[in-house]
Amino acid sequence: MLCRVWQMRSCASVLNQAASWKVGSRQKHTLPDLTYDYGALEPHICAEIMQLHHSKHHATYVNNLNVTEEKYQEALAKGDVTAQVALQAALKFNGGGHINHTIFWTNLSPNGGGEPQGELMEAIKRDFGSFQKMQEKLSAATVAVQGSGWGWLGYDKESGRLRVAACANQDPLQGTTGLIPLLGIDVWEHAYYLQYKNVRPDYVKAIWNVVNWENVSDRLQTAKK
């Protein structure tokens, strides 16, 4: 199980979200600023949801991750393996929550929607047949998540192909599947319930109108290096 913690560290480093894990030199994680106003994604995602989602829910993951890492550092310093193992669930949950949401905010844009261009579109057509088929597959996988979790479009570095995957709770895509995250759709109820109630498919359908394909394309280019 200890290897999963190191996988999470690697994933966070790739996304520029990890702090140093050296004892005595750890930098605390912080809540990233949004590049748009809370109301900028309306009518697809309302301002109240965005404000609560970012300033409350994501902030809680960041705070809890910092607290958990402090405890983990103490356990490392003491050589307390039992405590290290006991903290892994909290590291995975809060670390994953921070990683996932940091990607999510950049995946969205008030100028988003439509279809991707260039190399990303070519890869989608190659691996799914068409943009519509990819959209349908990712939407279906996301809507089908039981309870809370995420739907993902990821890059399989070994095969050089795009894949659709779903992760439960806040499990980070790369740390649990090996896929490099390109586009994530949050289907925890706090991401949509105030506006869409229990009709998750309507939320998933609406979010395509604000997908930042430029960001997804940039992530693909970085993943291929």
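This tour goes from a three-stranded sheet to the helix across it, then to a group of annotated residues.

The model is predicted: local features need pLDDT of at least 70, side-chain atom pairs count only at pLDDT 80 or more, and totals for chains, interfaces and linings use all residues. Residues are numbered from 1 along each chain as its sequence is written, and side-chain values use heavy atoms, without hydrogens or water.

**Stop 1: the sheet**

Select residues 149–156, which are strand 1. Strands (E, at least two residues) and helices (H or I, at least four) are DSSP runs, numbered from the N terminus. Add strand 2 (161–168) and strand 3 (180–186). The 3 strands form an open, antiparallel sheet in the order 2-1-3. Two strands count as paired if DSSP finds at least two bridges between them. Strands 2 and 3 each have a single partner strand, so one side of each is left without a neighbour in the sheet. On average, neighbouring strands are turned by 25° against each other, direction ignored. Axes here are lines fitted to C-alpha atoms, for helices over the stretch in contact; angles run from 0 to 180 degrees between N-to-C directions.

Now look at strands 1 and 2. They are joined by 8 bridges. Pick W152 and find its bridge partner in strand 2, A165.

**Stop 2: helix 5**

Select residues 118–128. This is helix 5, lying across strands 1 and 2 and running at about 80° to strand 2. Colour L120, M121, A123, I124, D127 and F128: these are its buried residues (buried means under 20% relative accessible area, exposed over 50%, partly exposed in between; 1.4 Å probe, protein chains only). Seen down the helix axis, they fall within an arc of 160°, so they line one face. The arc is taken from the directions from the helix axis to the C-beta atoms. They pack against helix 6 (131–143), strand 1, strand 2 and helix 10 (213–223). Just after helix 5 comes G129, with a positive phi near 100°.

**Stop 3: the annotated residues**

Select H53, H101, D186 and H190. An unreviewed UniProt entry lists them under "binding site"; positions follow the numbering used here, feature names are shortened, and annotations may be inferred rather than shown by experiment. They are spread over 138 residues of sequence, yet their largest C-alpha distance is 12.3 Å.

Zoom in on H53, in helix 2 (residues 47–78). H53 is buried, at 1% relative accessible area. D186 lies in strand 3 and is buried at 0%. Which distance separates the side chains of D186 and H53 in their polar contact? It is 2.9 Å (a polar contact is a pair of N or O atoms within 3.5 Å; within protein, one must be able to donate a hydrogen and the other to accept it, and residues adjacent in sequence count only if both atoms are side-chain atoms).

How values were computed:
Contact means heavy atoms within 4.5 Å.
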